[in-house]
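Here are a few exercises on empty space and a bound ligand. Have the model open and try each task before you read its solution.

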Amino acid sequence: MTSQRTRDRMIERLRAQGISNQKVLDTIRATPRHIFLDEALAHRAYEDSSLPIGFQQTLSQPYIVARMTELLLANGPRERVLEVGTGSGYQTAILAQHVGRVFSVERIRPLQEKARKRLRHLGLHNVHLRHADGGMGWPERGPFDAILSAAAPEVVPAELLEQLAVGGRLVIPVGEQGKPQSLYVYDRHEDGIEEQCIEPVLFVPLVGGVVA
Ligand code: SAH
């Protein structure tokens, strides 16, 4: 289930799907994905699919985690990174191995608590978790060199764009509920924001408010 061969096959699939950042591929190979799942699903951890983590939420597909991480790192190293939607903590764990510090916000408390234990277990101490509505960003800790959202708003929240430093990049799925979504990249330049539409995706919605 967790054998090196199973993980190697996942990396080969990611490469065939167009993931080319070798450091990202190495991190995904080295990071156990099965510990981010409940035991009953752990045997499916190295399939290229999203998997349920409870509360109607999902652990993102490895391809999406790889793609978003690669996009976030494309313009060079990132020191301060905001993640919206910690979920299982898997994407957080991958990010934490590539950037200075990750500030990750989750609205569902029990998911956050599980993620906290897993990240500690992996010895990732450059992660700061907050139980809050991530659609508002984390203004006290901004501005950020990059922001990654693991949940899709219908419209990009202005707060996230505002908390991007100059040279910073936001990677975010966007789409109305029930309609096709697309992955977008927003780069903040001295003189404004540049938008790029990357590819079609399927994410859980960004929801306002918090669950205790
Ligand atoms: N990358 C995560 C994805 C989890 S799914 C993983 O691989 O496990 C997306 C997560 O975003 C869910 O946990 C959901 O609760 C969270 N979420 C949705 N809206 C949010 C909001 N406004 N603020 C913070 N988290 C939110």
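**Exercise 1: Ligand contacts**

A nitrogen atom of the ligand is 2.8 Å from an N or O atom in the side chain of D133, a polar contact (a pair of N or O atoms within 3.5 Å). Keep in mind that this is a predicted model, where local features need pLDDT of at least 70, side-chain atom pairs count only at pLDDT 80 or more, and totals for chains, interfaces and linings use all residues. Residues are numbered from 1 along each chain as its sequence is written, and side-chain values use heavy atoms, with hydrogens and water left out.

Task: which atoms of S88 and V207 lie 2.7 Å and 2.6 Å from the ligand?

Solution.
- Start with S88: a polar side-chain atom sits 2.7 Å from a ligand oxygen.
- Move to V207: here a backbone N or O atom is 2.6 Å from a ligand nitrogen.
- Now look at cover: the ligand taken alone exposes 580 Å², and the protein buries 99% of that (Shrake-Rupley areas with a 1.4 Å probe).

**Exercise 2: The shell**

Task: how many residues surround the ligand, and which class has what share?

Solution.
- Count those with a heavy atom within 4 Å of the ligand: there are 24, and the closest are S88, E106, D133, G134 and V207.
- Sort them: 11 are nonpolar, 10 polar and 3 charged (Asp, Glu, Lys and Arg count as charged, Ala, Val, Leu, Ile, Met, Phe, Trp, Tyr, Cys and Pro as nonpolar, and the others, Gly among them, as polar).
- Check the strands (DSSP E runs of at least two residues; helices are H or I runs of at least four): β2 gives the largest share of the shell, 3 residues.

**Exercise 3: Pocket and cavity**

Task: where does the ligand sit?

Solution.
- Map the space on a 1 Å grid over the protein atoms alone: a pocket is an open set with protein on both sides within 12 Å along at least five of seven lines, a cavity is a set of points where a 1.4 Å probe fits but cannot get out, and lining residues have an atom within 4 Å of a point.
- Place the ligand: it sits in the largest pocket, meaning more than half of its atoms lie within 2 Å of the grid points.
- Size up that pocket: about 580 Å³ (the space filled by probe spheres set on the points, which are joined across faces, edges and corners).
- Read its lining: 36 residues, with Q57, T58, A150, A151 and V204 nearest the centre.
- Finish with the largest cavity: it holds about 50 Å³, and helix α5 (residues 109-121) brings the largest share of its lining, 3 residues.

Key
Polar contact = N/O pair within 3.5 Å; in protein donor to acceptor, adjacent residues only side chain to side chain.
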